[in-house]
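Welcome, and thanks for taking a look at this one with me. Below are a few numbered points to help you find your way around.

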Amino acid sequence: MELLNQITQFVISGLATGAIYALIGLSFAIIFNSTGIINFAQGEFVMLGGVLTIFSINALKLPLVFAVVAAVAGTTLVGVAFERLAIRPLKDATPLALIIITIGTSILIRGVVMLLWGKDTQVLAPFSGNEPLHIAGATLLPQHLWIFGVTILVIVGSRLFFHHTISGKAMRACSFNRRAANLVGISVGRMVLFSFIISAALGSLAGVIIAPLTMTAYDVGIMLGLKGFCAAIMGGMGSGFATVFGGLILGMLESLGAGLISSGYKDAIAFLILLLILFIRPQGLFKKGETERV
Amino acid sequence: MKSDKIKFLVFCLIVLAAPVPLSQGYLTNVLVFVGINSMLALGLNLLLGYAGQISLGQAAFFGLGAYGSGVLTTHFAMNPWLAMVLVALCVALFAFAIGFPVLRLKGHYLAMATLGVGVIAHIAFNETVDLTGGPSGLSGIPNLSVGSFTFDSDIKNYYLVWSFALVVILLSLNMVNSRFGRGLRAIHDSEVAARVMGVNARLMKVQVFTLSALISALAGSLYCHVMTFISPTSFGFNISIELLTMVVIGGLGSVYGSILGALLLTLLPELLRAFQDYDIVFYGLLLVSMTIYLPGGLVRGIPALFRRVMPARSGHA
């Protein structure tokens with residue numbers, strides 16, 4: 001019974017972190033689908049979300065809601081600047097050049113945050129208290145509910161956006177075939193910018209809602225970004241439910257592994273899963289293989 | 001090819017003579033690390049610059065080399081030279097084994113997979129406390145010695161490390177101009193075309209990956225005996241990024257470029273000691289701006305700049 005309670009507990013906290021990985025995974029997939037770039041600076045958007053919220057609350061004395069809005073807006077601006085200054089100037093860059101550029105940008109962002117706000121871990125108070133709720137022998141924090149709520153809202157919202165608005169459909173058209181999208185009058189350049197905006201906003205939102213649980217610092221972006229990427233890979237780099245499932249599965253496996261095997265190897269578990277999936281099913285868990293195009 | 005030999009000889013002379021004006025100063029110590037970093041950067045460049053395959057996990061092989069030698073010589077009192085050979089072979093075997101699945105991946109996926117290997121290795125260095133001492137590090141590693149001669153000073157270590165580095169440089173120069181090297185460059189330009197021309201791309205990619213891991217492991221063994229103390233922070237993700245920066249700055253696909261990159265990036269933090277926290281910002285800026293404006297690196301970029309400036313001047317005169 002004791003073990004069962006523990007497992008329920010691990011599953012709940014695993015689902016909460018998994019939801020975060022899912023959001024980050026979606027933000028990876030959005031940029032990948034419109035540009036073919038895996039943005040190594042994605043984790044820094046997540047980190048910026050948390051750090052800027054704390055800054056807005058502590059230094060600018062903004063109430064939580066406005067602080068979150070300010071943080072998401074700030075991160076989005078960084079995303080726009082990134083696209084304009086580092087991605088757009090390189091028209092026909094090789095994947096290698098793009099990898100190096102996004103890595104460079106990621107350590108640049110990390111370094112600037114470190115210089116501005118130091119290396120210490122920063123704490124964000126939970127959105128609605130710390131009083132745990134007891135459900136079926138397991139404890140649930142109010143912040144977990146926030147995470148689940150925001151994740152569901154984002155998934156529903158992005159589904160509506162990508163399937164029922166002109167801009168969303170145009171972005172999907174670009175991901176299917178950029179040239180064809182361009183020929184029917186879609187401005188591919190603008191769609192790329194849009195994808196950076198949405199992706200930065202989504203990533204930073206994930207960073208805001210996870211910050212009260214894990215605390216934040218200038219260097220949390222690497223791990224969160226990589227795990228989000230793992231979720232996206234599990235979902236086959238789509239921007240739909242597959243990525244969400246990928247994130248949730250990853251979060252649960254990681255939490256169960258940390259709880260039942262060893263907490264020190266928690267991060268290693270995520271990367272072992274990442275490697276296994278890349279080796280065995282690089283097209284994702286739920287997709288059929290595609291032929292390679294040259 | 002004669003000019004290549006002369007270039008290499010001149011380079012050897014420079015390396016031999018470099019410590020003379022520095023006497024036993026602090027800079028000699030820095031140059032020891034330039035030598036180690038040159039080996040690491042060159043190892044990565046063979047893979048990245050010539051074969052066009054990225055690795056963000058080089059620090060893992062460097063760390064395996066260092067910890068392998070460190071653990072074998074302290075816990076098991078093994079002869080350091082024997083340990084070095086044994087560890088290098090084991091790391092090469094390991095790289096060869098993981099090379100097949102890893103190098104089937106391309107571009108971004110390859111970058112992520114190698115990064116994953118690096119992160120897992122770093123976690124293992126931290127967690128296997130019984131062997132590695134965990135985050136507090138492994139100390140008491142002996143210096144290398146031949147008979148009664150021990151490499152225990154900066155100047156001795158300088159000649160030790162650089163004799164290894166020069167051998168690696170010579171081998172790389174020869175390899176680059178061989179059938180194997182041409183095959184690698186063909187893979188870089190177009191893997192499909194290379195395969196159509198009869199290049200065994202899969203095997204060659206794994207071979208160069210193994211070679212690069214072997215060089216990194218050797219550098220790691222040297223590092224642990226020079227330092228006599230190692231801790232996991234020296235083998236983290238940042239080190240892999242630093243190596244990448246060295247290769248990009250010096251010039252992808254240029255042997256001497258890697259050495260220039262290693263020299264600059266090892267000296268720079270020493271010169272910028274006062275602003276030590278700025279170096280990460282600086283690396284970021286360097287990586288982005290070099291890739292956008294000077295994709296050939298300094299080795300090719302500076303002569304190109306000269307050529308652009310010089311005719312303009314002579315035109316005026």
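1. With 317 residues, what radius of gyration does chain B have, and why might that value be expected? The figure for chain B is 20 Å, in agreement with the value near 20 Å for a compact globule of 317 residues. Here the radius is taken over C-alpha atoms, and the globule rule is 2.2 Å times the number of residues to the power 0.38.

2. A word on the conventions: this is a predicted model, in which local features need pLDDT of at least 70 and side-chain atom pairs count only at pLDDT 80 or more, while totals for chains, interfaces and linings use all residues. Residues are numbered from 1 along each chain as its sequence is written, and chains are lettered from A and ligands numbered from 1 in the order in which they are written.

3. Chain B holds 15 helices and four strands (DSSP runs numbered from the N terminus: H or I of at least four residues for helices, E of at least two for strands). Its C-alpha trace spans about 65 × 50 × 40 Å along the principal axes. Of its 317 residues, 49% are buried, meaning that 20 or more other C-beta atoms, placed from the backbone, lie within 10 Å of the residue's own.

4. Do follow helix α11 of chain B, residues 201–227. Its end C-alpha atoms are 39 Å apart, which agrees with the 39 Å that 27 residues should span at 1.5 Å a residue (1.5 Å times one less than the number of residues). Most of α11(B) is covered, with 23 of its 27 residues buried. Just after it comes Thr228(B), with a positive phi near 60 degrees.

5. The largest nonpolar core has 191 residues, and Leu23(A), Cys230(A), Met39(B) and Val91(B) touch the most other members. α11(B) contributes the most to this core, 16 residues. Such a core is a set of buried Ala, Val, Leu, Ile, Met, Phe, Trp, Tyr and Cys residues joined through C-beta atoms within 7 Å.

6. Finally, look at where the chains meet: 32 residues of chain B and 35 residues of chain A take part in the contact (C-beta atoms, placed from the backbone, within 7 Å). On the chain B side, α6(B) supplies the largest share, twelve residues. Helix α6(B) is also largely enclosed by the rest of the structure, because 16 of its 21 residues are buried.

Technical notes:
A residue is buried if 20 or more other C-beta atoms lie within 10 Å of its own, exposed if 12 or fewer, and partly exposed in between; C-beta atoms are placed from the backbone. Two residues are in contact if their C-beta atoms, placed from the backbone, lie within 7 Å.
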